[in-house]
Amino acid sequence: MIILGIETSCDDTATALVRDGRDVLASVSTNQDAFHEKYGGIVPEIASRQHVALLSAAVDDALGRAGMTFADVDAIGVTRGPGLIGSLVVGVASAKALAFALNKPLYAVNHLHGHIFAAFLDREEEPPYPFLALLVSGGHSQLVDVRSATQMHVIGRTRDDAAGEAYDKTARLLGLSYPGGPQLDALAKSGNPKAFTFPRYRSDAGALDLSFSGLKTSVRYFLESEAGKDANRADVAASFQAAVIDVLMARVNSAFASGNYRALVVSGGVAANSELQARVRAWSERRRVPAFIPPPKYCTDNAAMIAAAAFRQRAIVRVDPLTLSADPNLPFDLAA
Ligand code: KG4
Ligand code: ZN
């Protein structure tokens with residue numbers, strides 16, 4: 001079964017063709033960073049208009065790369081939410097039109113479920129259920145108890161900033177340009193993670209919540225202090241990163257202490273972080289629990305992950321192409 005995936009929830013105009021929710025035949029993402037960089041963040045109006053300008057070409061590009069035509073497509077999967085409303089509606093309108101015109105099934109996918117199923121792409125061995133998913137992106141940071149492809153519950157979430165948001169804001173304080181996460185990652189490689197001690201948020205006993213805004217503020221105060229003015233930027237980056245990852249790993253440990261998980265999945269844009277990946281691999285070896293992290297191109301927003309989720313959830317996410325509407329606040333739990 002070949003699913004055409006369409007993802008336009010934020011600022012990436014992404015399309016993909018995926019066979020049986022696993023084999024990626026083509027994955028196209030036209031990155032809009034150049035249009036947003038000068039504003040230091042995503043401008044929703046611009047993102048939406050760029051999606052309109054880029055999406056049809058991105059669909060044609062995916063078909064061309066896979067050597068296929070619309071006749072080879074069995075179904076369409078599209079991100080319904082959560083995300084920016086002006087961006088979501090472009091993908092949803094286009095997916096509805098294609099499904100209607102081609103008379104193919106249409107599946108409406110939750111963007112965050114897509115991030116989880118990114119871990120199933122292009123690999124022989126799939127994560128065994130039940131597993132714990134640590135989902136760390138620019139808009140969300142959460143721990144998800146995944147019992148099956150359609151039974152998933154958020155068991156911990158951030159109280160304030162998402163991990164990626166903390167990376168982007170801290171990168172800005174360090175004078176790095178948008179999007180700051182990958183640049184901070186690169187800068188931290190030459191820094192000492194023990195140079196400075198920034199606060200690690202501790203949740204109440206048994207709770208699995210996260211928080212990053214205190215950490216970001218602490219880095220800001222430090223950089224404004226006398227000591228901070230002369231501090232080595234790479235050391236600050238590495239020390240900030242160590243604090244973020246300590247908090248994430250502490251919460252993963254708490255979740256594993258109370259749940260019977262067979263694997264750990266780490267996904268979302270921040271899962272592309274090299275130090276987080278190294279820490280997760282070391283954790284996996286020590287605990288003898290398999291860890292699944294998608295390759296970086298499937299950690300950040302992409303449409304292959306939407307097709308992967310659509311394939312596995314198809315029994316309950318099929319929608320009518322005439323009535324589907326985007327939902328910027330789409331709830332995480334599937335209404336079965
Ligand atoms: O999942 P994603 O592409 O979009 C959302 O759904 O939010 O995540 C984007 C976020 C941004 O905050 C970006 O700075 C962060 O992921 N990110 C990284 C890295 N690559 C992307 N953060 C840290 N290290 C990276 N290598
Ligand atoms: Zn995302």
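Me: How are α5 and α9 oriented relative to each other?
Reply: In this predicted model, helices α5 and α9 are roughly antiparallel to each other. Their axes cross at roughly 170° and come within 11 Å. Helix α5 covers residues 163-173, and helix α9 covers residues 233-258.

Me: Which residues make that contact?
Reply: From α5, the contact uses Ala166, Tyr167 and Thr170. From α9, it uses Phe240, Gln241, Val244 and Ile245.

Me: How many of those are nonpolar, polar or charged?
Reply: The residues of the contact of α5 with α9 comprise five nonpolar, two polar and no charged.

Me: Now the interior. How many residues are in the largest nonpolar core?
Reply: The largest nonpolar core has 45 residues. Phe212, Val266 and Leu276 have the most contacts inside it.

Me: Which elements supply at least two residues of this core?
Reply: The helices are α5, α6 (180-188), α7 (213-224), α9 and α10 (274-287). The strands β6 (131-136) and β9 (263-267) also supply at least two residues each.

Me: And which gives the most?
Reply: Helix α9 gives the most to this core, with 13 residues.

Me: What is Val266 in contact with, leaving aside neighbours within four places in sequence?
Reply: Val266 is in contact with Leu134, Val136, Ala271, Leu276, Val280, Phe292, Ile293 and Pro294, with those neighbours left aside.

Me: What does the second core include?
Reply: The second core is separate and has 37 residues. Val109, Val144, Phe292 and Ala307 are among them.

Me: Changing topic: how many disulfides does the count come to?
Reply: The count comes to zero disulfides. Cys10 is in no disulfide, and its nearest cysteine sulfur, that of Cys299, is 16 Å away.

Me: Why is there no bond from Cys299 to Cys10?
Reply: The closest cysteine sulfur to that of Cys299 is in Cys10, and the 16 Å between them is too far for a bond. A disulfide would need the two sulfur atoms within 2.5 Å.

Me: Is Cys299 buried or exposed?
Reply: Cys299 counts as buried because its relative accessibility is 0%, and the cut-off for buried is under 20%.

Me: One more residue: where is Asp11 found?
Reply: Asp11 lies in the loop between β1 (2-7) and β2 (12-19).

Me: Buried or exposed, for Asp11?
Reply: Asp11 is buried, since its relative accessible area is 6%.

Me: What is Asp11 in contact with, beyond four places in sequence?
Reply: Leaving aside neighbours within four places, Asp11 is in contact with Thr30, Gln32, Asp33, His36, Ile42, Ala47, His51 and Tyr178.

How values were computed:
Residues are numbered from 1 along each chain as its sequence is written. Chains are lettered from A and ligands numbered from 1 in the order in which they are written. This is a predicted model: local features need pLDDT of at least 70, side-chain atom pairs count only at pLDDT 80 or more; totals for chains, interfaces and linings use all residues. Side-chain values use heavy atoms; hydrogens and water are left out. Buried means under 20% relative accessible area, exposed over 50%, partly exposed in between (1.4 Å probe, protein chains only). Axes are lines fitted to C-alpha atoms, for helices over the stretch in contact, and angles run from 0 to 180 degrees between N-to-C directions. Helices (H or I, at least four residues) and strands (E, at least two) are DSSP runs, numbered from the N terminus. Angles under 35 degrees count as roughly parallel, over 145 as roughly antiparallel, 65 to 115 as roughly perpendicular and the rest as oblique. Contact means heavy atoms within 4.5 Å. Ala, Val, Leu, Ile, Met, Phe, Trp, Tyr, Cys and Pro count as nonpolar, Asp, Glu, Lys and Arg as charged, and the others, Gly among them, as polar. A nonpolar core is a set of buried Ala, Val, Leu, Ile, Met, Phe, Trp, Tyr and Cys residues joined through side-chain atoms within 4.5 Å.
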